[in-house]
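Work through the exercises below with the model at hand. Try each task before reading its solution.

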Amino acid sequence: MNRRKFLNYIGCGCCGFLIPSCTSAPITDRKQLKLISESKLNFQAAQIYEKIKEKEKMSSDTAKLNEIKNIGKKMEDSISKYFEKTNLDDPTLNFDWEYILIDNKKIKNAWCMPGGKIAIYTGILPVTKNNNGLAAVMGHEIAHAVAKHSIERASRSALINTSTQIIDMVTGGKLSQINRVTPGINTVGLLSKIGLMNPFTRKQETEADYLGMIFSSLSGYDIRETKKIWERMQESNKGKKPPAWLSTHPSADNRINNLKSWETSVILDYPPIT
C-alpha cells in the first residue's frame, strides 16, 4: 500500500471514530472531543481518591469541613435544578459527591476529580477568607468536573500519542530521529505539550472560571469576591509566576480582568435558585 492510500485510510478511520465522540460543554456550548469512557474515568478517580485519603493527613477541623460540605451541597442542588429548569441533561447525574479537608498549610490548592470527588487544602483557606471566597474556589473546581475537562484532556493525550505514532511510522521514523538528537528529552512530547496541551488547558481553566462564577451565583453566593481571591493569591505568591507559554493556567491578571468583565452579566443571567 502506498503512503497516500495509507493516509487516506487513516483519515477516514479517524473521522469515523471522532465524529460520534464530539459533544458540547454545558452552558458554554464549546465543542468537545471525548474518546474516553466517563464511567471508567470516574471509577479510576474514586480509587485514587481513597488512596489519597489514606496517604494525606485529614484536618481535624470538623466545623470547617462541615462548612465545605454545606457549600458543596448547595452547589450540587443548584446545578441539578438549573439543568432541570432549562430542560438540559444534568452532567452531574452520575456523580458520587464527596468532600475532604487536607491538613497541609503549605499547599494553596483545591481540586475536584471526575465524578465529584473534592479536596480542599487548609493552605488555601487564608486566601479564600470567607464563605463567598470558598464557594468561588469550589465552584471553579466543580466546574472542571461538570464540564468533563479530565475526559477531554485524556482524550486529547490519547489522540496525540496515536497520531504521533502514525506520523512516525508514515515518515519512516522521523519523529524518533528528532528525539534521538537530544538524549533523555522527549522533544516531540515537549513541543506538543507547549504548543497543544498547555494552550488547551488554559482554555479549560478560563471556562472553569466562568462556569464557577455561574455555579456560585446560582447557589446564592456573592461572586464579587471571586476577583478578590486572585488579587490575594497574587499577593501571597509575591509575583512569582512561570512564563505564559509554559503555564497550564492563565495569568492572574488575565483571570482578574475576565472575572470583572463577566461579573455583572452572571449576576443578572444566573440569579440564585431557591
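**Exercise 1.** Place Glu-152 in the fold and decide whether Glu-152 is buried or exposed.

Solution. Start with the secondary structure: Glu-152 sits in helix 6. Helices (H or I, at least four residues) and strands (E, at least two) are DSSP runs, numbered from the N terminus. Next, take the relative accessibility, which is 2% for Glu-152. Buried means under 20% relative accessible area, exposed over 50%, partly exposed in between (1.4 Å probe, protein chains only). Glu-152 therefore counts as buried. Last, look along the chain: Thr-201 is 49 residues from Glu-152 in sequence, and their C-alpha atoms are 9.7 Å apart.

The model is predicted: local features need pLDDT of at least 70, side-chain atom pairs count only at pLDDT 80 or more, and totals for chains, interfaces and linings use all residues. Residues are numbered from 1 along each chain as its sequence is written, and side-chain values use heavy atoms, with hydrogens and water left out.

**Exercise 2.** Describe the chain as a whole: how many helices and strands does it have, and what share of its residues is buried?

Solution. Count the elements: 10 helices and 5 strands. Then turn to burial: of 274 residues, 42% count as buried. Now the contacts (heavy atoms within 4.5 Å). Among those between residues at least 6 apart in sequence, 71% join residues at least 24 apart.

**Exercise 3.** Find the largest nonpolar core and the helix that gives the most to it.

Solution. Begin with the rule: a nonpolar core is a set of buried Ala, Val, Leu, Ile, Met, Phe, Trp, Tyr and Cys residues joined through side-chain atoms within 4.5 Å. The largest such core has 44 residues. Ile-27, Ile-120, Ile-142, Ile-214 and Phe-215 have the most contacts inside it. Helix 5 gives the most to this core, with 9 residues. A second, separate core has 9 residues, including Tyr-49 and Met-113. Finally, list the partners of Ile-142. Leaving aside neighbours within four places in sequence, Ile-142 touches Met-75, Ile-79, Trp-97, Cys-112, Ile-118 and Phe-215.

**Exercise 4.** Work out how helix 5 and helix 9 are arranged.

Solution. Take the axes, which are lines fitted to C-alpha atoms, for helices over the stretch in contact; angles run from 0 to 180 degrees between N-to-C directions. The axes of helix 5 and helix 9 (residues 225-237) come within 9 Å and cross at roughly 85°. Apply the classes: under 35 degrees is roughly parallel, over 145 roughly antiparallel, 65 to 115 roughly perpendicular and the rest oblique. The two helices are therefore roughly perpendicular to each other. Asn-132, Gly-133, Ala-136 and Val-137 of helix 5 make the contact with Glu-225, Thr-226 and Ile-229 of helix 9.

**Exercise 5.** Classify the aromatic pair of Tyr-49 and Trp-111.

Solution. Rings of Phe, Tyr and Trp (its six-membered ring) pair if their centres lie within 6.5 Å; planes under 30 degrees apart count as stacked, over 60 as edge-to-face and the rest as tilted. By this rule there are 5 aromatic pairs. For Tyr-49 and Trp-111, the centres are 6.0 Å apart and the planes lie at 85°, an edge-to-face pair. Tyr-49 is in helix 2 (residues 38-55) and Trp-111 in strand 4 (residues 110-113), 62 residues apart. Tyr-49 is buried at 0% relative accessible area, and Trp-111 counts as buried at 16%.
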